[in-house]
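Here is a quick tour for anyone who has just opened this entry at the bench. Have the viewer handy and follow along.

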Amino acid sequence: MELTRRDAVAALAALGVGGAAVAGLDRSDWGASGDADARAETVDADRIRETLLAAAEVVYPREVTGIEEFVGAFLEGRLEDPTHATALDETVAKVDELAEAWYGARFATLSAGGRESFLREVGADTADEDPDGTTAERVRYYVVNELLLALYASPTGGELVGIENPQGHPGGMDTYQRGPEP
Amino acid sequence: MSGRPPAESASPADGAADRSPVEDADVCVIGAGPAGGIVAERLAQAGREVVVLEAGPRFDFDDRLARQERAIRPAYDRPDVWDGDPERDAHSASGEWFYPLNHARVKGVGGSTLHWQGMVMRLHEDDFRSETARGVGVDWPLEYDDLRPYYAEAERELGVAGGEDNPFAPPREEPFPMEAFPPSYSDGLFAEACDELGIEMHSVPNARNSEPYDDRSACVGYGTCQPVCPSGAKYDATVHVERAESKGATVIDRAPVQRLEHGPDAIDAAVYATPDGEYRQAADAFVIACGGVETPRLLLLSESSHYPDGLANSSGLVGRYFMDHLFAGMGGLLDEPTRQNHVGFLTSESHQFYDGADAEFAPFKLEFFNYDGPSPVEMALSGDDWGDDLLERLRSEYGNHVGLGALVEQLPREDSYVALDYDRTDDRGNPVPDVHWNVGDRALRTIERVNEIQRELLEELGAEITWQVGPEDTGPAYHHMGTTRMGTDPTESVVGPDLRTHDLENCWIASSSVFPTGGAMNPTLTIATLALKATDHVLESV
Ligand SMILES: Cc1cc2nc3c(=O)[nH]c(=O)nc-3n(C[C@H](O)[C@H](O)[C@H](O)COP(=O)(O)OP(=O)(O)OC[C@H]3O[C@@H](n4cnc5c(N)ncnc54)[C@H](O)[C@@H]3O)c2cc1C
Ligand code: SF4
């Protein structure tokens with residue numbers, strides 16, 4: 001199932017910006033003025049993007065496509081907040097430090113299998129997310145759950161499960177009244 | 001604005017720059033929930049100099065998506081959504097039943113309606129004369145007809161979407177301000193079973209916009225109404241507080257009132273703490289609107305030589321008769337999709353059994369859920385799996401749930417009360433409220449009966465029953481009532497039918513704390529109704 005811009009910026013529609021405006025956006029319109037990087041100058045936004053994309057390829061189901069643009073667009077909203085951007089940056093730096101130590105390479109350059117085992121070895125699968133917790137809990141919060149939240153609160157992620165208007169997405173007043181697709 | 005701001009980005013707004021008292025205030029309103037907000041707006045509209053003191057902070061509307069993320073992510077507890085502070089909000093629960101107070105309220109501008117569900121119905125005629133009609137409890141000193149015009153006004157104030165298809169509702173004179181929300185897909189599944197069993201379903205009045213109303217958008221289906229509506233379609237009391245300010249009222253946030261200074265017959269001033277020190281707000285009149293727990297607490301904290309057992313407490317009943325509505329529920333699985341969790345509110349109920357109440361069985365209403373079972377996004381964030389395995393789990397666990405709820409009345413009992421716990425103090429050194437909650441047999445017996453009806457319905461529907469909340473594990477609906485009860489006899493009540501305390505000539509109470517009995521309808525429409533009535537009485541004197 002194809003992820004779209006609509007999924008990443010689903011929040012826009014509810015804020016009265018409306019579907020038309022969203023559809024009219026192009027890549028340079030993400031993040032209001034496209035200067036998300038400028039707003040969090042000290043963080044390595046490229047590395048965050050690369051790392052989260054590499055993690056998304058592991059934590060998203062195989063049938064999802066369009067991940068790169070989706071993750072990029074979602075992150076732009078997140079990087080606008082300096083506190084969150086800094087915490088993301090620190091978590092990603094830690095991930096790379098451990099990946100270098102254990103696998104001799106940065107996380108994003110590992111094979112898909114390598115990334116999967118890395119995330120399990122770090123303990124992100126069994127950890128409960130905690131933004132102020134251990135490395136495992138922070139990786140769960142800032143990497144794994146950051147990505148799962150983005151996906152499963154989006155219409156495409158919801159549709160995979162059979163709910164085209166998942167919690168967190170302003171999908172309007174019709175879907176709750178509709179029966180299942182025949 | 002792009003995408004979703006992160007959960008950590010929400011923080012209380014800066015709030016008032018100057019927290020010093022207002023000179024020449026006519027009325028000091030304590031608490032900025034719906035009761036305080038409505039009173040303040042009406043009084044400001046009438047040209048009075050009004051100051052509102054609110055214990056909690058102001059919140060920024062633009063933070064609501066971040067707060068929504070807190071509602072979804074497992075790292076956050078419910079009280080975190082609205083910046084609950086365990087020290088500020090410390091409490092005890094010494095009754096037979098535990099009371100989770102901090103899940104049951106919000107402190108801040110908007111009060112608990114920031115978190116609420118937003119179902120708003122009128123009490124029934126018999127709820128006002130429980131003793132006469134049902135042989136238990138007490139009669140209110142007011143009748144339904146006394147409140148009827150105020151109810152209509154309250155429905156306009158809150159913005160209620162409702163239908164006239166409820167044959168059990170008390171008489172009304174005009175349509176609801178907005179059309180009811182249409183029934184959900186799962187309501188339709190229940191409708192057939194209800195037909196078979198002769199149970200009538202009808203719409204639910206919601207303080208939630210089914211169309212744009214009052215400069216707020218129509219509901220857009222975020223599905224997180226409880227505990228936060230990011231669109232503002234669900235009514236919350238910031239609506240009235242902001243309107244009060246636009247009409248000249250002063251709102252001071254982070255200003256918990258510590259005690260009320262008074263003589264034998266009147267309050268002189270409210271002493272309130274702020275981040276920059278303690279102040280004293282004098283006024284001609286005071287309206288206490290701190291909710292059903294903090295209202296009696298503030299009176300008890302304000303004891304003096306005139307009132308050794310607590311202010312306005314000559315009757316000894318301040319804090320007594322604490323009541324809530326009891327929850328009863330049941331749910332299960334069908335072998336077909338039921339389309340849950342698209343929206344976070346209810347579209348159908350049945351009040352059919354309500355007026356059959358008597359001394360043995362309490363009034364209750366049945367609720368048909370639109371959000372039974374897990375929400376996929378919440379499930380995704382708390383498993384040990386990801387990728388295809390996670391998707392498979394979500395697919396197998398989401399989709400086929402159905403559920404029924406109910407609210408049941410509990411009777412007022414003297415051994416169910418809010419008192420001060422002198423062994424524990426809050427962040428300012430004040431004894432914390434102890435919610436000593438006891439329930440009683442009539443309510444528990446009624447829950448059993450409700451469970452029977454719920455079971456019959458689910459079986460008729462062909463559901464495999466997977467959960468039940470019955471008399472052993474029932475819990476509160478977060479409706480705090482009864483603790484400064486209304487009556488005509490000053491030895492048996494705290495306020496009169498004019499909502500003024502019997503003891504003090506310039507102190508009114510706007511809260512469900514004045515309810516002599518609770519009925520089984522969610523209380524806030526009646527709170528708003530009484531707030532409007534209280535305002536009229538305040539205006540007669542200042
Ligand atoms: C999860 C949940 C769901 C609910 N759903 C519904 C529903 O569907 N329908 C319904 O009718 N009701 C519902 N309620 C109940 C509803 O929220 C309350 O009835 C309503 O908010 C009460 O209004 P109030 O103004 O009396 O008190 P509150 O809204 O609680 O406001 C009181 C305010 O007073 C302030 N305060 C307290 N002490 C002091 C002090 N000493 N000094 C200064 N300020 C003080 C508090 O900080 C607070 O902001 C729900 C509540 C919860 C928690
Ligand atoms: S479903 Fe409607 S009322 Fe509830 S949170 Fe969403 S927009 Fe608000």
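What follows walks through one chain as a whole, then two ligand sites, a helix and a couple of loop residues. Keep in mind that this is a predicted model.

**Chain A overall**

Let's start with chain A, which is built from 11 helices and 0 strands. Follow the sequence and you just get α-α-α-α-α-α-α-α-α-α-α. Out of its 182 residues, 56% count as buried. If you take the contacts in chain A with a separation of 6 or more, 56% of them come from residues 24 or more positions apart. The accessible surface of chain A is about 7200 Å², and carbon and sulfur atoms hold 48% of it.

**Around ligand 1**

Now over to ligand 1, which has 37 residues around it. The closest are B:Glu54, B:Ser112, B:Met119, B:Val257 and B:Thr524. Sorted by class, the shell holds 18 nonpolar, 15 polar and 4 charged residues. Three helices of chain B, namely H1 (34-45), H8 (291-301) and H12 (524-541), each put at least two residues into that shell.

Oxygen atoms of ligand 1 make these polar contacts, among others you may want to look for:

| Residue | Partner atom in the residue | Distance to an oxygen atom of ligand 1 |
|---|---|---|
| B:Ala35 | polar backbone atom | 3.0 Å |
| B:Glu54 | side-chain N or O atom | 2.6 Å |
| B:Thr524 | side-chain N or O atom | 2.8 Å |

How much of ligand 1 does the protein bury? On its own the ligand exposes 1000 Å², and the protein buries 95% of that.

**Around ligand 2**

Ligand 2 has its own set of neighbours in chain B, including B:Cys219, B:Cys225 and B:Cys229. B:Arg208 and B:Lys234 are also among the residues around ligand 2, as are B:Gly221, B:Tyr222 and B:Gly223. By class, this shell splits into 6 nonpolar, 4 polar and 2 charged residues.

**A helix with two sides**

Next, have a look at helix H10 of chain B, residues 387-397. Its buried residues are B:Gly387, B:Leu390, B:Leu391, B:Arg393 and B:Leu394. They span an arc of only 160 degrees around the axis, so they sit on the same side of H10(B). Flip to the other side of H10(B) and you find B:Asp389, B:Glu392 and B:Ser396 exposed.

What do the buried residues of H10(B) pack against? From chain A, their partners are helix H6 (45-59), helix H10 (135-152) and helix H11 (155-161). From chain B, helix H9 (376-380) joins in. Just after H10(B) comes B:Gly399, with a positive phi of about 130 degrees.

**Two loop residues in chain B**

B:Phe98 is in the loop between helix H3 (78-81) and helix H4 (130-134) of chain B. Is B:Phe98 buried or exposed? The relative accessible area of B:Phe98 is 57%, and since over 50% counts as exposed, B:Phe98 is exposed. Still, B:Phe98 has partners: leaving out residues up to four places away in sequence, B:Phe98 touches B:Ala93 and B:Trp437. B:Phe98 and B:His436 are 338 residues apart in sequence, yet their C-alpha atoms are 8.1 Å apart in space.

The other one is B:Ser304, in the loop between H8 and strand S11 (326-333) of chain B. A polar atom of the B:Ser304 side chain is 3.1 Å from the backbone nitrogen of B:His306. For the backbone nitrogen of B:Tyr307, the distance to a polar atom of the B:Ser304 side chain is 3.0 Å.

Key
Residues numbered from 1 in each chain as written. Chains lettered and ligands numbered in written order. Predicted model: local features only at pLDDT ≥ 70, side-chain atom pairs only at ≥ 80, totals over all residues. Heavy atoms only, no water. Buried < 20%, exposed > 50% of the residue type's maximum accessible area, 1.4 Å probe, protein only. Helix = DSSP H or I, 4+ residues; strand = E, 2+ residues; numbered from the N terminus. Arc of directions from axis to C-beta. Contact = heavy atoms within 4.5 Å. Near = heavy atom within 4 Å. Polar contact = N/O pair within 3.5 Å; in protein donor to acceptor, adjacent residues only side chain to side chain. Areas by Shrake-Rupley, 256 points an atom, 1.4 Å probe, with all protein chains shown as cover. Nonpolar A, V, L, I, M, F, W, Y, C, P; charged D, E, K, R; others polar.
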